[in-house]
2 protein chains.
Amino acid sequence: MDAGGTKLLGGVVDADLVVHHRVHRRIHGLDQAELVEKIVDAVEEARSAAPDVAAVGFGIPALVRPETGSVMVSNHLPLDRVPFRALMSERLDMPVAVDNDTNVAMLAEHRAGAARGAEDALMLTLGTGIGGGLLFGGEVYRGSAGAGAELGHIVVDPNGPECPGDCPGRGCLEAFASGNAIGRAGEEAARRSPDSALGKALAQGREVSGALVTELAHDGDELAIEVLAEAGRWLGVGLVTLVNALNPELVVIGGGASAAGELMLAPAREVLSERGLPPNRELVKLVTAHFGGEAGMIGAALLALDLTAPRKVPE
Amino acid sequence: MDAGGTKLLGGVVDADLVVHHRVHRRIHGLDQAELVEKIVDAVEEARSAAPDVAAVGFGIPALVRPETGSVMVSNHLPLDRVPFRALMSERLDMPVAVDNDTNVAMLAEHRAGAARGAEDALMLTLGTGIGGGLLFGGEVYRGSAGAGAELGHIVVDPNGPECPGDCPGRGCLEAFASGNAIGRAGEEAARRSPDSALGKALAQGREVSGALVTELAHDGDELAIEVLAEAGRWLGVGLVTLVNALNPELVVIGGGASAAGELMLAPAREVLSERGLPPNRELVKLVTAHFGGEAGMIGAALLALDLTAPRKVPE
């Protein structure tokens, strides 16, 4: 189960990482009790489709204590200080594993995806917010208190807008290149240009989300393309910082907003190749997640598989 | 021997890390041949004071291949593609070790200084430029090609000035908080305020360097204090990025410009505590290098000691 700030995506995943059954829930704006019920309900739906499910893994957008599976803090879901693993084990009566959503996405890409074999890599998951994953020396790096890899909260413009959510920062990458940020920028652009496809969609009362901007950009709307390009250039500024500081072999871009693909990545690469330090900028590969928007779900399943069976794919 | 972009500081260091004899050379603006002669000369001076010297370690402001001790690229000295270790071994007829100056400073602080016992720590050396050191899981992290930890080249303002030297970036931390940047900002401030101590120093024909600004600030000149505070606030923006992304236990501030001490660190802390993500911002300690501006020299000596004797201080 991969819970983002907006949606829950779950699946029944076998030891070969084949997904047999998917479940979806919208979890935006729920209070804590509603959220817990919604998650339990999603797991039960998956179990009813595959009664031999042996364990559940969760990726959640939160700072999770690895030893206890308890949430320290979550910026996108009402889970602060919830003993998540204990609560879910009791409700589901099954072995439960939980980790930060981007850590599990990084794990999936490292064990079986785009970062397979890499020693030093970064992952950015562009979703409602932006999550980060770090791999150093072939191991997922969690920071001294498990609060590392908040790569959505590197500063790309100190005079930029206040970072949404509970982050007290200004001009964080998340404020410019997340799905939410793309939606906000898309809505502003739609108001300025009512004749664009984006403007017409707004006039028709559609919610201008990152997903809508991406859809219209893929359909060829110039305005939507420019909105994604601008987000991509900000992503590029963030990559200059990360690639200069950490010299990764590769940066994996995942999450729902990565559906924009080269519409964001090409402008990001351009900024990186112009402003990044040699040789770091030449050495790094910028790739999309092998598991796309499902990296978090697959990584959560890997946590669950680790609970039930010897590891199939060596780390 | 610790070579910065401006000065070489060397010393005869025993196995207890006591410094018995120091040598200084100014190495700014030399061509490659002059630089090599100056370095050899400094080593010979130290050796004549202590004929039992058994090996030489160098910290240099360059990207160094760990296996060969050859320089890939140096932004501050004319050493690009110089096989430094081989060249110095031949010239000095002694065992030679070499690494990036900030990596060796990090090593010194980790083995015997402010970061002793730390698992996850960062180091920023504020000198002519800004170097960086990273410690993850108790090991110095070098990046996938040894080019990591260029923490002076994280972007703090994408619309800021072009980064000096060979960096193609804009608004890097180094352009705001290095000794050179403080000198430039000090000179501008001195021109605006001829009645300040800084303005008078400029009128007397003194070069407005980071060291002069720091000296006058310690003497109480309000303008110099404000120049350091502004550099400190930019340092704080950089720390927000690094502390959010990497969740270190501590950040060690070293290098010559760290002589400004709390005049820079207090404003930096203020920005971090205002804009950094909890819990990262509360958990991190911001400390000055135990070895001050000599961390690089001590770390270089540790490299040399590792060549000659079993390790005295366990890593």
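# Chat about a two-chain model

Biologist: Which strands does the three-residue hairpin in chain B join?
Modeller: This is a predicted model. In it, β1(B) and β2(B) are linked by a hairpin with three residues in between.

Biologist: How do those two strands pair, and over how many bridges?
Modeller: β1(B), residues 2–3, runs antiparallel to β2(B), with two bridges between them. A3(B) has L8(B) of β2(B) as its bridge partner.

Biologist: What about the other partner, β3(B): how many bridges does β2(B) make there?
Modeller: Seven bridges, again antiparallel, with β3(B) covering residues 19–26. G10(B) sits opposite V23(B) in that strand.

Biologist: Which residue in the hairpin of β2(B) and β3(B) has a positive phi?
Modeller: L17(B), with phi near 65°. That hairpin has five residues between the strands.

Biologist: Is β2(B) mostly covered or mostly open?
Modeller: Mostly covered. Five of the seven residues of β2(B), which spans 7–13, are buried.

Biologist: Switching to the five-stranded sheet in chain B. What's the strand order?
Modeller: The order is β10-β9-β8-β11-β12 in chain B, as an open sheet with mixed pairing. At the edges are β10 (139–140) and β12 (285–288) of chain B, and each of these pairs on one side only.

Biologist: In what sense do β8 and β11 of chain B pair?
Modeller: Parallel, over five bridges, with β8 at residues 121–126 and β11 at residues 250–254 of chain B. L124(B) stands opposite I253(B) of β11(B).

Biologist: And chain A, what order do the strands take in its five-stranded open sheet?
Modeller: In chain A the order reads β10-β9-β8-β11-β12, and the pairing is mixed. β10 (139–141) and β12 (285–288) of chain A are the edge strands; each has a single partner strand, so one side of each lacks a neighbour in the sheet. On average, neighbouring strands of this sheet are turned by 25° against each other, ignoring direction.

Biologist: How do β8 and β9 of chain A run?
Modeller: Antiparallel, joined by six bridges, with β8 at residues 121–126 and β9 at residues 130–136 of chain A. Within that pair, A121(A) is opposite L135(A) in β9(A).

Biologist: Helices next. At what angle do α5 and α7 of chain B pack?
Modeller: About 70°, with the axes 7 Å apart. The helices α5(B) and α7(B) are therefore roughly perpendicular to each other, as angles from 65 to 115 degrees count as such.

Biologist: Which residues of α5(B) and α7(B) meet?
Modeller: From α5(B), G179(B), N180(B), I182(B), G183(B) and G186(B); from α7(B), G210(B), L212(B) and V213(B). By class, the contact of α5(B) with α7(B) has three nonpolar, five polar and no charged residues.

Biologist: How many residues does each chain put into the contact between chain B and chain A?
Modeller: Chain B gives 41 residues and chain A gives 41 residues.

Biologist: Which elements of chain B each supply at least two residues to that side?
Modeller: β6 (71–73), β9 (130–136), α8 (222–246), α9 (262–275) and α10 (280–283) of chain B. α8(B) gives the most, with six residues. The side of chain B that touches chain A is made up of 23 nonpolar, 10 polar and eight charged residues.

Biologist: Now chain A overall. How many helices and strands?
Modeller: 11 helices and 12 strands in chain A.

Biologist: What's the radius of gyration of chain A?
Modeller: 19 Å, which agrees with a value near 20 Å for a compact globule of 315 residues. The C-alpha atoms of chain A fill a box of roughly 55 × 50 × 35 Å along the principal axes.

Biologist: What share of chain A is buried?
Modeller: 57% of its 315 residues. As for contacts in chain A with a separation of 6 or more, 64% are between residues 24 or more positions apart.

Biologist: Last one: D2(A). Where does D2(A) sit in the secondary structure?
Modeller: In strand β1 of chain A, residues 2–3.

Biologist: Why does D2(A) count as buried?
Modeller: Because D2(A) has 29 other C-beta atoms within 10 Å, and 20 or more are enough for a residue to be buried.

Biologist: Which residues is D2(A) in contact with, leaving aside neighbours within four places in sequence?
Modeller: L9(A), G59(A), D101(A), G296(A), M297(A) and A300(A). The C-alpha atoms of D2(A) and G59(A) are separated by 4.7 Å, with their positions 57 residues apart along the chain.

Methods: Residues are numbered from 1 along each chain as its sequence is written. Chains are lettered from A and ligands numbered from 1 in the order in which they are written. This is a predicted model: local features need pLDDT of at least 70, side-chain atom pairs count only at pLDDT 80 or more; totals for chains, interfaces and linings use all residues. Two strands pair if DSSP finds at least two bridges between them. Helices (H or I, at least four residues) and strands (E, at least two) are DSSP runs, numbered from the N terminus. Axes are lines fitted to C-alpha atoms, for helices over the stretch in contact, and angles run from 0 to 180 degrees between N-to-C directions. Angles under 35 degrees count as roughly parallel, over 145 as roughly antiparallel, 65 to 115 as roughly perpendicular and the rest as oblique. Two residues are in contact if their C-beta atoms, placed from the backbone, lie within 7 Å. Ala, Val, Leu, Ile, Met, Phe, Trp, Tyr, Cys and Pro count as nonpolar, Asp, Glu, Lys and Arg as charged, and the others, Gly among them, as polar. The radius of gyration is taken over C-alpha atoms; the globule rule is 2.2 Å times the number of residues to the power 0.38. A residue is buried if 20 or more other C-beta atoms lie within 10 Å of its own, exposed if 12 or fewer, and partly exposed in between; C-beta atoms are placed from the backbone.
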